[in-house]
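Student: I have a structure in front of me that I have never looked at before, and I would like to learn how to read it feature by feature. Could we go through it slowly together?

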Amino acid sequence: MNIHWADVIAQELENSGPQTIATGITPSGPVHIGNMREVMTADAVYRALKNHGVDAKLIYIADTFDRLRKLYPFLDESFKEHIGKPLSEIPCPTGCCASYADHFLLPFLASMEKLGIKPEIYRADELYKKGVYIDSIKTALAKRDNIARILKEVSGREVPETWSPFDPICQCCGRTNTTKVTGFDLENEIVDYECNCGCKGSASMSGGGKLVWRVDWPARWPIFKVTIEPFGKDHATAGGSYDTGKRISEEIYNYPAPYPIIYEWIHLKGVGAMHSSTGIAISIQDMLDVVPPEVLRYLIIRTKPEKHIDFDPAIPLITLVDEYDQRRGEENAFALSSIGDSRPFEVPYRHMVTVVQIARNDKDLLLKALQRSGYDISRKDEIFSRAQNVQNWLDRYAPSFIKFQLQNRLPSAINNLSTVERKGLGMLAERIDEKTAAEIHDEVYAISKELGLDSKKFFQAIYLAFLGDRQGPKAGWFLASLDREFVKIRLREAAT
Ligand SMILES: [Zn+2]
Ligand SMILES: [Zn+2]
């Protein structure tokens, strides 16, 4: 039997005491499904540990105190002046919430909830302001030279004389990338600085600045007793921030570095790896508009973290939904993807794509079409929610050959059909009473055979009669979804 990757990790750690899995994402831009991989990977391991009877905790630290690094393509030119300031101290780019950090964090938190991920949530700016990091800052300042040596040994890069593990926020210009530490006072818990803007001052160790990333990361491990952490492969390179973090954690903070889970990127088909800074991304909300949250979980959880995911929102996406709905895959991947007591959805996504186009926003017609094609329609809310997903998918990602329009009148293109094709349509009209979708489909083949017609041609004739096009959805199920009298009349019309 295949063991799911999250269970492999759980088995490895099940006898090592309580576990805390940490995740952290910087809310510097729209959170996309690539970022979701971090929290989803963490959540899968968290659930697997729980299943193995381990006392486990899942935490999410929002890096709201990180500085704005550059003017991202989605920002107004006026945001240039905020580069270098902590995200929590910058105004919201559209004025709708309290800060820049909130603007991207709040929708992310809402998405996590929809996806059934419930970590303990911490905001870095609040942690710093509350003084949670004070001891770590003091240790880092006192052991500055040791840290600099580790950074140089591990990363191979020269560390400048003026380097400090602490970035004070300038009280004049609000930036952290323009200040230089000139001294510190451990007793009074302040750090002296000079800024390129001309200011000099003393920053408090409680919110007056933050540890630089390579020190901040290992500093949080003992604070939160982190034992497991997933992170992107950019942090996992030789000499990268996990390598330096591991030594800083062990040698400066006397704490063992957490068990690393390195995850690969999600590539958008034909475009490349998703990054919010480049605008190559599908947001989580975009995705939740077209698939149920369980399927988004499944997309990520079914693949081992170290393998990259090629994501194609066109046809492969509906194949994925059908694989999930029909539970054709690894059992534990489904268990780890489920939210609450969600049950499999019976109607294939592909068939929903057909009936949604037939019903054209008419809910009664939608239910009728499903019932005609042999599906149970008692779970109405789920059906309508799925129909909305499908409509969004048709609007945004469906290739044109999937789209069709049922013609109100017999299309004139029918004139191009041969006599024998017309005859076949007439025969079909007389043979579909009381037949199921599958039986109608078989009948199309049977008639082709009887008349010595190429079945492909005959299918084209059917599509022409109803859609005015030579292609269409699976014919038996399509015809079964329509009013039977209407189908018969149309076929007879086409035959004469
Ligand atoms: Zn906002
Ligand atoms: Zn300044």
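Student: Let me begin with a single residue: does Gly53 count as buried or exposed, and at what relative accessibility?

Tutor: Please keep in mind throughout that this is a predicted model. The cut-off for calling a residue exposed is a relative accessible area over 50%, and Gly53, at 65% relative accessibility, therefore counts as exposed. Gly53 belongs to the loop between α2 and β2 (56–62), and its C-alpha atom is separated by 36 Å from that of Asp66, which is 13 residues away along the chain.

Student: And for a contrasting loop residue, where is Thr303 found, and what is it in contact with beyond its neighbours within four places in sequence?

Tutor: Thr303 sits in the loop between α10 (293–301) and β13 (309–311), and at 16% relative accessibility it counts as buried. Leaving aside neighbours within four places in sequence, its contacts are Trp5, Arg37 and Ile309.

Student: How should I read the interior, and which residues of the largest nonpolar core touch the most other members?

Tutor: The general idea is that, in soluble globular proteins, nonpolar side chains tend to be buried together. In this model the largest nonpolar core has 78 residues, and Phe108, Phe311 and Trp393 are the ones that touch the most other members. Helix α2 (residues 33–51) gives the most to this core, contributing 10 residues. If you centre your view on Phe108 and do not count residues up to four places away in sequence, you will find that it touches Ile25, Val31, Met36, Val39, Tyr60 and Ile284. Another core, of 37 residues, lies apart from that one, and its members include Ala22, Leu151, Val181 and Leu211.

Student: Turning to helices, how many of the 11 residues of helix α13 are buried?

Tutor: In general, an α-helix has 3.6 residues a turn, so residues three or four places apart point the same way. In helix α13 (residues 349–359), 10 of the 11 residues are buried, so this helix is largely enclosed by the rest of the structure. Among these buried residues are Tyr349, His351, Met352 and Ala359. The buried residues of α13 pack against α9 (284–290), α11 (315–325), α14 (363–372), α15 (380–396) and α19 (475–481). Following α13 comes Arg360, which has a positive phi, near 45°.

Student: Now a sheet, please: in what order do the strands of the open sheet of 3 strands lie?

Tutor: As a general idea, strands of a sheet pair through backbone hydrogen bonds, either parallel or antiparallel. Here the order is β5-β6-β7, with antiparallel pairing. β5 (179–185) and β7 (200–204) stand at the edges with a single partner strand each, so one side of each is left without a neighbour in the sheet. From one strand to the next the twist averages 30°.

Student: How many bridges hold these pairs, and which residue is the bridge partner of Asp192 in β7?

Tutor: Strand β6 (residues 190–195) pairs with β5 over 6 bridges, while 5 bridges join β6 to β7. Asp192 in β6 stands opposite Gly183, and its bridge partner in β7 is Ser202. The hairpin of β6 and β7 has 4 residues between the strands, and in it Gly198 takes a positive phi near 105°.

Student: Which residues of β7 form its covered face, and which its uncovered one?

Tutor: In a regular strand the side chains alternate between the two faces of the sheet. The covered face of β7 consists of Gly201 and Ala203, and the uncovered face of Lys200, Ser202 and Ser204.

Student: Finally, how do I read the metal sites, and which residues coordinate the zinc ion (ligand 2)?

Tutor: The ideal angle at a metal is 109.5 degrees for four tetrahedral donors. Cys170, Cys173, Cys195 and Cys197 coordinate the zinc ion (ligand 2) through their SG atoms, at 2.2 to 2.3 Å, and the 4 donor atoms subtend angles of 103 to 122°, which makes the arrangement tetrahedral. Cys173 lies in the loop between β4 (166–168) and β5, and Cys195 in strand β6, so this pair ties together parts that are 22 residues apart in sequence.

Student: And which are the protein donors of the zinc ion (ligand 1)?

Tutor: They are Cys92 (SG), Cys96 (SG), Cys97 (SG) and His103 (ND1), which lie 2.1 to 2.2 Å from the zinc ion (ligand 1) and are spaced C-x3-C-C-x5-H in sequence. The angles subtended by these 4 donor atoms are 94 to 120°, so the arrangement is tetrahedral. Cys92 is buried, with a relative accessible area of 8%, whereas Cys97, at 23% relative accessibility, counts as partly exposed.

Methods. Residues numbered from 1 in each chain as written. Chains lettered and ligands numbered in written order. Predicted model: local features only at pLDDT ≥ 70, side-chain atom pairs only at ≥ 80, totals over all residues. Heavy atoms only, no water. Donors = N, O, S within 2.8 Å, 3.2 Å for Na, K, Ca; no water. Tetrahedral: all angles 85-135°; square planar, octahedral: opposite > 155°, others 65-115°. Buried < 20%, exposed > 50% of the residue type's maximum accessible area, 1.4 Å probe, protein only. Core = buried A, V, L, I, M, F, W, Y, C linked by side-chain atoms within 4.5 Å. Helix = DSSP H or I, 4+ residues; strand = E, 2+ residues; numbered from the N terminus. Contact = heavy atoms within 4.5 Å. Pairing = 2+ DSSP bridges. Axes fitted to C-alpha atoms, helices over the stretch in contact; angles between N-to-C directions.
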